[in-house]
Amino acid sequence: PKDGGPELICDRVEPTYLRFFLYKTEKAKLFRYVGDAGCCSAENVLVYGNRWKKGAFTCTSERSGLTCTRGGHGFFVSRTGTRVY
């Protein structure tokens, strides 16, 4: 990672391919133009109603979308919208 610490990467496949990065010390970033969009499998899917936590990173999956945070930074992704903070 560019800041030397852990990072979380999440891809949304449909309706358009997007990639989200959440770094150890920075605000989340959204990449709309992903060069390797076909590289990853869909094996690590967080089912609705579940939560995942590793170190300072937490992701919560709900029918409204997926929210991942680290401290005061994070991202929200769904089929209808996105937000990074």
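F75 counts as buried in this predicted model, with a relative accessibility of 0%. Buried here means under 20% relative accessible area, so a residue at 0% sits well inside that cut-off. The ring of F75 does not sit alone, either: F75 and F20 form a stacked aromatic pair, with 4.9 Å from centre to centre and 20 degrees between the planes. F20 also counts as buried, again with a relative accessibility of 0%. What makes this pair handy to look at is where its two members come from. F20 belongs to strand β2 (residues 18-23), while F75 belongs to strand β7 (residues 73-77), so the pair ties together parts that are 55 residues apart in sequence.

That pair is one of three aromatic pairs that turn up when the whole structure is searched. Another one is made by F21 and Y23: their ring centres are 5.9 Å apart and their planes meet at 15 degrees, so this pair is stacked too. Planes under 30 degrees apart count as stacked, and the 15 degrees between F21 and Y23 falls under that limit. Both residues are tucked away from the surface by the same cut-off of 20%: F21 counts as buried at 16% relative accessibility, and Y23 is buried with a relative accessible area of 6%. F21 and Y23 also join up with F31, and the three make one aromatic cluster.

Now for the sheet around these residues. Strands of a sheet pair through backbone hydrogen bonds, in either a parallel or an antiparallel way. Here, three strands form an open sheet in the order β1-β2-β3, and the pairing is antiparallel. The edges are taken by β1 (7-12) and β3 (29-31); each has a single partner strand, so one side of each is left without a neighbour in the sheet. From one strand to the next, the twist averages 20 degrees. Between β2 and β3, the antiparallel pairing runs over three bridges.

R19 is a good place to see how this fits together. This residue lies in strand β2 and stands opposite F31 in β3, and F31 is the residue that shares an aromatic cluster with F21 and Y23. R19 is an arginine that is buried, with a relative accessible area of 10%. What does its side chain make a polar contact with? The partner is the side chain of D11, at 2.7 Å.

Notes
Residues are numbered from 1 along each chain as its sequence is written. This is a predicted model: local features need pLDDT of at least 70, side-chain atom pairs count only at pLDDT 80 or more; totals for chains, interfaces and linings use all residues. Side-chain values use heavy atoms; hydrogens and water are left out. Rings of Phe, Tyr and Trp (its six-membered ring) pair if their centres lie within 6.5 Å; planes under 30 degrees apart count as stacked, over 60 as edge-to-face and the rest as tilted. Helices (H or I, at least four residues) and strands (E, at least two) are DSSP runs, numbered from the N terminus. Buried means under 20% relative accessible area, exposed over 50%, partly exposed in between (1.4 Å probe, protein chains only). A polar contact is a pair of N or O atoms within 3.5 Å; within protein, one must be able to donate a hydrogen and the other to accept it, and residues adjacent in sequence count only if both atoms are side-chain atoms. Two strands pair if DSSP finds at least two bridges between them. Axes are lines fitted to C-alpha atoms, for helices over the stretch in contact, and angles run from 0 to 180 degrees between N-to-C directions.
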